[in-house]
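Student: Could we go through this model together? I would like to start with the overall picture and then look at some details.

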Amino acid sequence: MTLGHSEKDCNHCSAVDSPDSATRPAASNASYVCPMCPSVSANGPGACPKCGMALEPSLPLAASQAGFACPMHPKVIHDQPGTCPTCGMLLEMATVREGKGRNPELVDMKRRFCFGTALTVPLLVIAMGDMIPGLGGLFSSTWNPWIQLALAAPVVLWCGKPFLVRGWQSIWSLNLNMFTLIALGVGAAFLFSLVAVIAPGAFPDEFKSEAGLVLLYFESAAVIVVLVLLGQILELTARERTGDSLRALMDLSPKTARRLTGKGLDDEIPLDRVAVGDRLRVRPGESVPVDGLIVEGASAVDESMLTGESIPTEKRVGDTVIGGTLNQAGSFVMTAEKVGEKAVLAGIIAMVAQAQRSRAPIQGLADKVAGRFVPAVATIAIGTFVAWSAVGPAPAMLFGLIAAISVLIIACPCALGLATPMAIMVGTGRGAGAGVLMRDAEALERMAQVDTLVIDKTGTLTLGRPSVAAVQAAPGVATRDLVSLAAGAEQGSEHPLAHAILTYAAAEGINPASVTRLEVVDGQGLKAISDGRTLLLGNERMMAAAAVETGDLKGDADRLRDAGATVVYLAMGGMLQGLVAVADPVRDTAYEALRALRNLGLRIIMLTGDGARTADAIGRQLDLDEVDADLLPSDKRDRVLALQEAGAIVAMAGDGINDAPALASADVGIAMGTGADVALESAGITLVRGDLHGIMRARKLSRQTMRNIRQNLFFAFAYNTLCVPIAAGVLFPILGILVNPMLAAAAMSLSSVSVIGNALRLRRAAL
């Protein structure tokens, strides 16, 4: 929440530390510069010696380096715990802590709360002794005020110190926030009572009761502090719970790994000593230590902690395994490929932590209102005091003071500040547990507004693993000879079709034929020499260029293409030998998932670089609204831009390098977790499972989170709109009701609790 503070100022705030910053080490690898005097730089935060401006980081600190960030202002980053100089909120760890380690801020707040409660309870008994039968004469009027002071002073000055310091900082820096109101309310009640005890004669008669005494409000100040502490504890506890799903993933990762030595023995080492290229042994029941490839053995691996899929995945030599997943049946040896921060699990944790700290565009509404709210409340409090002092019943000024303090406390915009960040943190954490990773809060919000889904074919609608669907030999040609020649021509090629043909030949026990002088013909296929004759393996264009007749098999080829397969012909010595059809199977979940998205009103368009005939076949099979084929990567991007210019809000789903430009251009980019790294980097949402149902989950999560945010903002706005006039005393002339500052503090805490509780409902959201 930004209270009277511009976005640019937040950059400056990132260099302003809390009061004990002088004792803190400078953030490692962080360079700070003056925004006004570029020649001034320092290794840590501070003020410019020339102009006095706060130094700001020249480069953004990485989440792994910057330990603590403001939940309201993600640009405010410190290397130690403290408070945000803009809104006064406690800074929280930028990354989720591993294990069940105690949050030092939460521990401190609990300590202050327990101590404050222990003193506030007897203070209440003493202050209200006249109202409790049998206690009226327990304390004489002479000692009673001093005992109240002795009990209240530690509560206000030590237990409430964090709030008083934050409030003073907000006034000094003119960044008025929720703690401004708390500090003013508590400070006014305590200082008024302190002067009443030390110098009661200094007050005019308007502040005295009919008995000639100045009433004390030590118990109100103390109760307010205790209730605010309780609200902080509830808030910090709720924030801790938002990281439970990620913390569970971190806790499942092993702390050690079994590295194979040169003698074939296992050497158990700490996980942080594993290096890329190390050979590691994983036994049954153990967690996979890091990301890598299986080089020996086979097993079934439970990847549910990462993907949510309950059925174990069969893994063999050459398959990838992910660190933190659980090996079940067999034993295998793997080669480490990604360790530390480069591992998949570490990337997921970092992405979710970043998303939880990001700001949704809707938060601008809260910022805009809050920027004018605190000054308005201060003005209302002053007006309330003046009005009561002028027309209120005796003692008029005392009534005015009570009403003004109640206005300051009850209007504290804690709930307003929590409305958006709490929902974002809980929502992104819930998504992570369901295999939907949000890069930032903007992607989460925009996904709820999407009306057009543009989707790639290969690897997104299809599995991305082409396989041979049919082999049709020409009359007089043996099928095995046809496959052998095709496999021989494809040896050494990296094309997906080559992989499919070679895999099929190996499965059938067919050895590739010997070929020489292999040549790639762009846009057509392969040319080679086998047994002294020219071998051609390619499309109809290649056959036509070589005057090879395809008439006998053309009908079969058309039928296979209509079914969505890609057809390659093989000719030898100018004579057609046959054809091989390669198909990329449509995902089992594709039709059901797309139908569900259409039922939500989304328009679904497929963009692909494949030929029109194959693309149309997939489009008919999945009942798509539109199909665009034969597209280059730039064509996909242009199509997305054209849709946006026509007024559509576009989400693009893809997995390949050729999808990256369109993913980056779309309002929301959705990357399949099984795809290329550049696609993942270009997307705002990543589907860990590579399952199209993840798009549906992302849509549901986005809409539920935005609904939750709107509910929270309504609670906060409605609460302040209703309660401020009541605290000011508008009901006193009608019903004789005047809100006590203690009740105002309880109501303020209750509003925060309602927002926190509503946000936590997202943890149980059905996706």
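Tutor: The following exchange covers the fold, the nonpolar cores, a surface patch and some strand pairing. Please keep in mind that this is a predicted model.

Student: How many helices and strands does the protein chain have?

Tutor: The secondary structure of the protein chain comprises 26 helices and 28 strands.

Student: And what share of the residues is buried?

Tutor: Of the 767 residues in the protein chain, 51% are buried. As for contacts between residues at least 6 apart in sequence, 67% join residues at least 24 apart.

Student: What about the exposed area of the protein chain?

Tutor: The exposed area is about 33,100 Å², and carbon and sulfur atoms supply 58% of it.

Student: Turning to the interior, which residues touch the most other members of the largest nonpolar core?

Tutor: That core has 56 residues, and those touching the most other members are Val 155, Phe 163, Val 186, Phe 190, Phe 218, Val 377 and Val 407. The elements that contribute two or more residues to it are helices H2 (104-127), H3 (144-159), H5 (178-198), H6 (218-242), H10 (363-391), H11 (396-410) and H24 (693-728).

Student: Which of them gives the largest share?

Tutor: Helix H6 does, with 10 residues. A separate core of 51 residues includes Ala 443, Leu 461, Leu 692 and Leu 701.

Student: Back to Val 155: what does it touch, leaving aside residues up to four places away in sequence?

Tutor: Val 155 touches Gly 116, Leu 119, Thr 120, Gly 160, Ala 222, Val 225 and Val 226.

Student: Now the surface. Which residues make the nonpolar patch?

Tutor: Trp 168, Ile 171, Trp 172 and Leu 184 make a nonpolar surface patch of about 490 Å². Helix H4 (residues 161-173) supplies the largest share of the patch, three residues.

Student: Trp 172 sits in which helix, and why does it count as exposed?

Tutor: Trp 172 lies in helix H4. Trp 172 counts as exposed because its relative accessibility is 69%, and the cut-off for exposed is over 50%.

Student: One last topic: how many bridges join strand S9 to strand S15?

Tutor: Four bridges join S9 (residues 279-282) to S15 (residues 332-338), and the two strands run antiparallel. Strand S10 (residues 291-297) also runs antiparallel to S15, joined to it by six bridges.

Student: Which residue in S15 is the bridge partner of Leu 280?

Tutor: The partner of Leu 280 is Met 334. Met 334 also stands opposite Ile 294.

How values were computed:
Residues are numbered from 1 along each chain as its sequence is written. This is a predicted model: local features need pLDDT of at least 70, side-chain atom pairs count only at pLDDT 80 or more; totals for chains, interfaces and linings use all residues. Side-chain values use heavy atoms; hydrogens and water are left out. Two strands pair if DSSP finds at least two bridges between them. Buried means under 20% relative accessible area, exposed over 50%, partly exposed in between (1.4 Å probe, protein chains only). Contact means heavy atoms within 4.5 Å. Accessible areas come from the Shrake-Rupley method with a 1.4 Å probe; for residues, only the protein chains shown count as cover. A nonpolar core is a set of buried Ala, Val, Leu, Ile, Met, Phe, Trp, Tyr and Cys residues joined through side-chain atoms within 4.5 Å. Patches are made of residues with over 30% relative accessible area and no salt bridge: like charges are joined within 9 Å, nonpolar side chains (Val, Leu, Ile, Met, Phe, Trp, Tyr) within 5 Å. A salt bridge is a side-chain nitrogen of Lys or Arg within 4 Å of a carboxyl oxygen of Asp or Glu.
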